[in-house]
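Colleague: Hi! Could you walk me through this one?

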Amino acid sequence: MFMHNKRLQYTVRVSEPNPKLATLLLEQFGGADGELAAAMRYFTQGLGEDDPGRKDMLLDIATEELSHLEVIGSIVAMLNKGAKATLSEAQKSEAELYQTIGASGTSAKESLLFGGGPALIDSAGVPWTAAYVDSRSEPTVDLRSNIAAESRAKIVYERLINITDDPGIKEALGFLMTREVAHQKSFEKALYSIEDNFPPGKLPGIAKFASVYVNTSQGVGDVEGPWNSGEQWQRVDDIPGSLPFDEGGDGTASVTLSGDEKDAYDRMTVRLASDPAADPLTGADLGAGPGAGLTTNGDKGGATDIKEAAAKADALAPR
Ligand code: MN
Ligand code: MN
């Protein structure tokens, strides 16, 4: 069960209201890398986890993330306090209220619909979605995703700290950012506490494909590094000469159809066959003007000679 402690995990000291900053901070409240996404990610993983150590860690961190949601939501509420009160009491002129709502940046919705309370939206007003949680119920996969999620949360906090000049908010965001660093370390330890954690899952990779690097983008800009060259890699530079990578195949796609399916397929391909010998007059030919380039029906606006086409186009150019 959950209990609630009325004290925050970190004290929130906001020097003055700032609805625009509140909107930006919503990124870490209801955004993709925000605290609700983190809490739901670890809470659902924890419920499904069978290993007692990981289950305990996931529920600890999930609950801490809810506490971070509480801190960031409290900052948003403080930043919106003035605007919320003046709007709800209509204590300013229409023009001044209009100005206040406009000051909250991209999301007037935050003021009008949510009245300045912390809403489960991101800094652009996009509602929170469970699609932000990408768990697959396999610890060697989910722990890697969690490590990436913590590093994303860290960098978003870093950017928010860089745009904030309020010392109390800077301090609280610095705390939240640092906790993501600590969480990343826990997830890394938990991942490497699983002795064989790579590749993820149980099935081994196919040995002859597992160390191949395919150099598909060739030319100026080719760089060799430990990610594509050296003892670990079998590098493929002659790609057409290597196709297909399987042995004994011809590199085409095939399927075996039933008799009825084959009959229908043959009728369909005959009906939809294109005729490479046809040169039909089309709407583009018939309606061609001087800018049409080469067309089949050159005596209209188009042209059958490239010089004539260029001259016609030139006559259209602005002088
Ligand atoms: Mn957090
Ligand atoms: Mn975290």
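Modeller: Sure, we can start with the metals and then turn to a helix pair. This is a predicted model, where local features need pLDDT of at least 70, side-chain atom pairs count only at pLDDT 80 or more, and totals for chains, interfaces and linings use all residues. Residues are numbered from 1 along each chain as its sequence is written, chains are lettered from A and ligands numbered from 1 in the order in which they are written, and side-chain values use heavy atoms, with hydrogens and water left out.

Colleague: Which protein donors does the manganese ion (ligand 2) have?

Modeller: They are E65 (OE), E150 (OE), E150 (OE), E180 (OE) and H183 (ND1), at 2.0 to 2.3 Å. Donors are N, O and S atoms within 2.8 Å of the metal (3.2 Å for Na, K and Ca), and sites may look incomplete because water is not among the atoms.

Colleague: And how far apart are the manganese ions, ligand 2 and ligand 1?

Modeller: They are 3.7 Å apart, with E65 coordinating both. E150 sits in helix α7 (residues 139-163) and H183 in helix α8, so this pair ties together parts that are 33 residues apart in sequence. Helices here are DSSP runs (H or I, at least four residues).

Colleague: Are E150 and H183 buried or exposed?

Modeller: Both are buried (under 20% relative accessible area, with a 1.4 Å probe and protein chains only).

Colleague: New topic: at what angle do α4 and α8 pack?

Modeller: About 165°, with axes 11 Å apart. The two are therefore roughly antiparallel, a term for angles over 145 degrees.

Definitions and conventions
Axes are lines fitted to C-alpha atoms, for helices over the stretch in contact, and angles run from 0 to 180 degrees between N-to-C directions. Angles under 35 degrees count as roughly parallel, over 145 as roughly antiparallel, 65 to 115 as roughly perpendicular and the rest as oblique. Buried means under 20% relative accessible area, exposed over 50%, partly exposed in between (1.4 Å probe, protein chains only).
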